[in-house]
Structures are given as structure tokens and as C-alpha cells.
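Biologist: I am new to this structure. Please take me through one part of it closely, step by step.

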Amino acid sequence: EVGDIEIITKKPVYTFVHDVELGHRHMAHIFLGKVTGKIKAGSDAKEAQWFTFNQMKRLNLTHYTKKILNKLYEKHL
């Protein structure tokens, strides 16, 4: 939904098992990329926004979103 991106990392910077629900388990692979095209949210994300790390500290984020952000912060990415 972010338009065109340029992949920065060929290997995932972070991988984990996403098992938030019973009977729902899959691997999540986090790659770094750079948005190169125009950002256009789909109908399910009309109010999408960019946030700084400090702004995200005040948001109601899911457990897995926090897990990803903490790993990226830990790696200084």
C-alpha cells in the first residue's frame, strides 16, 4: 500500500513467529526498504501517517508492532 519501494536489505533484519491467535501461526520477516513512489493508502488505511519513534511511544500499538520496533531500535535502524 505504500507504492513503489527499493529493498535495502536482501536478508531480513528480523524474523519471528507471529502466533497471535489459536490456529493462526506464520513467520514474519522484516526487511528494510525505501519508499520511491507516491505513497497512497488503501481504503482500509485512509488515515495512514508517518510517526517518529518518540511519537510511537504514545500510540496504542500491538504487541507485535512493539516487538518489531524494539528490534529495529536495538539495531539502530
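Modeller: Start with I7. I7 sits in strand β1, which covers residues 5-7. Keep in mind that this is a predicted model. Is I7 buried or exposed? Neither: its relative accessibility is 47%, so I7 counts as partly exposed. The cut-offs explain this, because buried means under 20% and exposed means over 50%. I7 also helps to form a nonpolar surface patch. Its partners there are I5 and F31, and the patch covers about 270 Å².

Now move along to T9. T9 belongs to the loop between β1 and β2. Its relative accessible area is 15%, so T9 is buried. What does T9 touch? Leaving out residues up to four places away in sequence, T9 touches F31 and L32. F31 is the residue from the surface patch. The side chain of T9 also has polar atoms to place. One polar atom of that side chain lies 3.0 Å from the backbone nitrogen of L32. The backbone oxygen of K11 is 3.3 Å from a polar atom of the T9 side chain.

Next comes the core. The largest nonpolar core has 7 residues: V13, Y14, F16, A28, I30, Y64 and L72. Which elements supply at least two residues each? They are β2 (14-21), β3 (24-30) and α2 (63-74).

Finish with I30, one of the core residues. Setting aside neighbours within four places in sequence, I30 contacts P12, V13, Y14, F16 and I68. Among these contacts, V13, Y14 and F16 are also members of the core.

Notes:
Residues are numbered from 1 along each chain as its sequence is written. This is a predicted model: local features need pLDDT of at least 70, side-chain atom pairs count only at pLDDT 80 or more; totals for chains, interfaces and linings use all residues. Side-chain values use heavy atoms; hydrogens and water are left out. A nonpolar core is a set of buried Ala, Val, Leu, Ile, Met, Phe, Trp, Tyr and Cys residues joined through side-chain atoms within 4.5 Å. Buried means under 20% relative accessible area, exposed over 50%, partly exposed in between (1.4 Å probe, protein chains only). Helices (H or I, at least four residues) and strands (E, at least two) are DSSP runs, numbered from the N terminus. Contact means heavy atoms within 4.5 Å. Patches are made of residues with over 30% relative accessible area and no salt bridge: like charges are joined within 9 Å, nonpolar side chains (Val, Leu, Ile, Met, Phe, Trp, Tyr) within 5 Å. Accessible areas come from the Shrake-Rupley method with a 1.4 Å probe; for residues, only the protein chains shown count as cover. A salt bridge is a side-chain nitrogen of Lys or Arg within 4 Å of a carboxyl oxygen of Asp or Glu. A polar contact is a pair of N or O atoms within 3.5 Å; within protein, one must be able to donate a hydrogen and the other to accept it, and residues adjacent in sequence count only if both atoms are side-chain atoms.
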